[in-house]
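Trainee: I'd like a close look at one part of this model, with enough of the surroundings to place it. Please take me through it slowly.

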Amino acid sequence: MYTCGSCKKQVTLKPDDPIRCPFCGYKLLIKERPKVSKRVKAR
Ligand SMILES: [Zn+2]
């Protein structure tokens with residue numbers, strides 16, 4: 001799951017798909033983190 005860097009829509013890509021937003025054509029997608037939040041303790 002990715003978020004478009006331009007229109008902020010959520011984009012799902014298959015492994016073979018090019019990295020590109022299908023809504024606006026923007027080529028920068030931000031990787032979404034899965035819902036599970038990993039907490040890392042500092043120290
Ligand atoms: Zn977009």
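How many helices and how many strands does the chain have? Once that's clear, please zoom in on the loop between E1 and E2: which residue there has a positive phi although it is not a glycine?

Mentor: Happy to, and keep in mind throughout that this is a predicted model. The count is quick: 0 helices and 3 strands, so reading from the N terminus you simply get β-β-β. There are 43 residues in the chain, and 5% of them count as buried. The C-alpha atoms take up a box of roughly 40 × 20 × 15 Å along the principal axes. Among contacts with a separation of 6 or more, 27% are between residues 24 or more positions apart.

Now the frame around your loop. The 3 strands make an open sheet in the order E2-E1-E3, paired antiparallel. Strands E2 (10-11) and E3 (29-31) are at the edges with a single partner strand each, so each has one side without a neighbour in the sheet. Strand E1 covers residues 2-4 and is antiparallel to E2, with 2 bridges joining them. Within that pairing, Tyr2 sits opposite Val11 in E2.

That brings us to the loop itself. The residue you asked about is Lys8: its place is between E1 and E2, and its phi is positive, about 65 degrees, though it isn't a glycine. As background, most residues other than glycine have a negative phi. What about its surroundings? Lys8 counts as exposed because it has 11 C-beta neighbours inside 10 Å, and the cut-off for exposed is 12 or fewer.

Ser6 belongs to the loop between E1 and E2 too. With 14 C-beta neighbours inside 10 Å, Ser6 counts as partly exposed. Setting aside residues up to four places away in sequence, Ser6 touches Cys21, Cys24 and Tyr26. Look at Lys27 as well: 21 residues separate it from Ser6 along the chain, and their C-alpha atoms are 8.8 Å apart.

To put that last pair in perspective, try another one. Lys38 lies in the segment after E3, and the C-alpha atoms of Lys38 and Asp17, also 21 residues apart along the chain, are separated by 28 Å. Lys38 itself counts as exposed, with 6 C-beta neighbours inside 10 Å.

One more stop, back beside the strand that leads into your loop. Glu32 is placed in the segment after E3, and its contacts beyond four places in sequence are Met1, Tyr2 and Thr3. For Glu32 and Thr3, the C-alpha separation is 6.4 Å, with their positions 29 residues apart along the chain. Glu32 is nonetheless exposed, having 12 other C-beta atoms within 10 Å. So Tyr2 is a handy residue to click on: it stands opposite Val11 in E2, and it is one of the residues in contact with Glu32.

Technical notes:
Residues numbered from 1 in each chain as written. Predicted model: local features only at pLDDT ≥ 70, side-chain atom pairs only at ≥ 80, totals over all residues. Helix = DSSP H or I, 4+ residues; strand = E, 2+ residues; numbered from the N terminus. Buried ≥ 20, exposed ≤ 12 C-beta atoms within 10 Å, placed from the backbone. Contact = placed C-beta atoms within 7 Å. Pairing = 2+ DSSP bridges.
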